[in-house]
Amino acid sequence: DVSALGNVHTLDLSYTKVIDVSALSKVHTLNLSCTNVIDVSALGDVHTLNLNDTKVTDVSALVNVHTLYLENTKVTDVSALGNVHTLNLNNTLVTNVNALGNVHTLNLCRTNVTDVRVLENVHTLDLRFNKVVTDVNGLGKVHTLNLWGSNITDVSALGNVHTLNLSCTKVTDISVLRNVHTLNLCNTNVTDVSALGNVHTLDLS
């Protein structure tokens, strides 16, 4: 019974048997990862909420959460999460991210999201091991973009991205990336790097 812990600032209940968290609405930072919690409807005002590896599916009440971790969950509907600042959807069933255009930091690693055009204003976007996104032409304003292990080949629109990870991709033509600040081309088939003389930090390992 955690009903007496409602005024705790930072509370880690990961790997515990907790189920009822309705009394924890005022907790600032709450870790419920690897628990059997399902109902999180009372947690809409928690600042930082970790629900990784839980059975949570309904996140519609979490509209005011600042930082939300949903990795390895069965969540599919994230339409209510447009005001979340930092959102981790790594290895989830999410496919529609149309509501997430104003999220600052978004992790879509190992998801089947295909249409990422709406994410043009996201600051930091992680699409590692996303095997279904092929068109990133709308992401030219993203600051930090991680495409490690994706099936991206056309990066012609990414010349103004600040930090770009193309490691383990099939990209070959990177001539447009001369203004990128930090560029990772590890394990690629890129041979002509003559355009990259002004890149600040370059990984060709």
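How much area does the chain expose, and what share of it do carbon and sulfur atoms supply? In this predicted model, the exposed area comes to about 9,900 Å², with 47% of that supplied by carbon and sulfur atoms. As for what lies inside, the chain has 205 residues, and buried ones account for 46% of them.

The overall build is easy to sum up. The chain holds 11 strands and 0 helices, so read from the N terminus, its elements simply go β-β-β-β-β-β-β-β-β-β-β. Laid along its principal axes, the C-alpha trace spans about 65 × 30 × 25 Å. The contacts within the chain can be sorted by how far apart the partners sit in sequence. Taking contacts between residues at least 6 apart in sequence, 0% of them join residues at least 24 apart.

Then there is the matter of charge. The chain carries 11 positive and 17 negative charges, and the mean positions of these two sets are 4 Å apart. On the surface, a patch of negative charge brings together D1, D20, D39, D58 and D77. One of these residues, D20, can be placed within the fold: D20 sits in the loop that runs between β1 (10-12) and β2 (29-31). D20 counts as exposed because its relative accessible area is 54%, and the cut-off for exposed is over 50%. That same residue, then, is both a loop residue and a member of the negative patch.

Notes:
Residues numbered from 1 in each chain as written. Predicted model: local features only at pLDDT ≥ 70, side-chain atom pairs only at ≥ 80, totals over all residues. Heavy atoms only, no water. Patch = residues over 30% accessible without salt bridge, like charges linked within 9 Å, V, L, I, M, F, W, Y side chains within 5 Å. Areas by Shrake-Rupley, 256 points an atom, 1.4 Å probe, with all protein chains shown as cover. Salt bridge = Lys/Arg side-chain N within 4 Å of Asp/Glu carboxyl O. Lys, Arg positive; Asp, Glu negative; His and termini not counted. Charge placed at Lys NZ, Arg CZ, Asp CG, Glu CD. Helix = DSSP H or I, 4+ residues; strand = E, 2+ residues; numbered from the N terminus. Buried < 20%, exposed > 50% of the residue type's maximum accessible area, 1.4 Å probe, protein only. Contact = heavy atoms within 4.5 Å.
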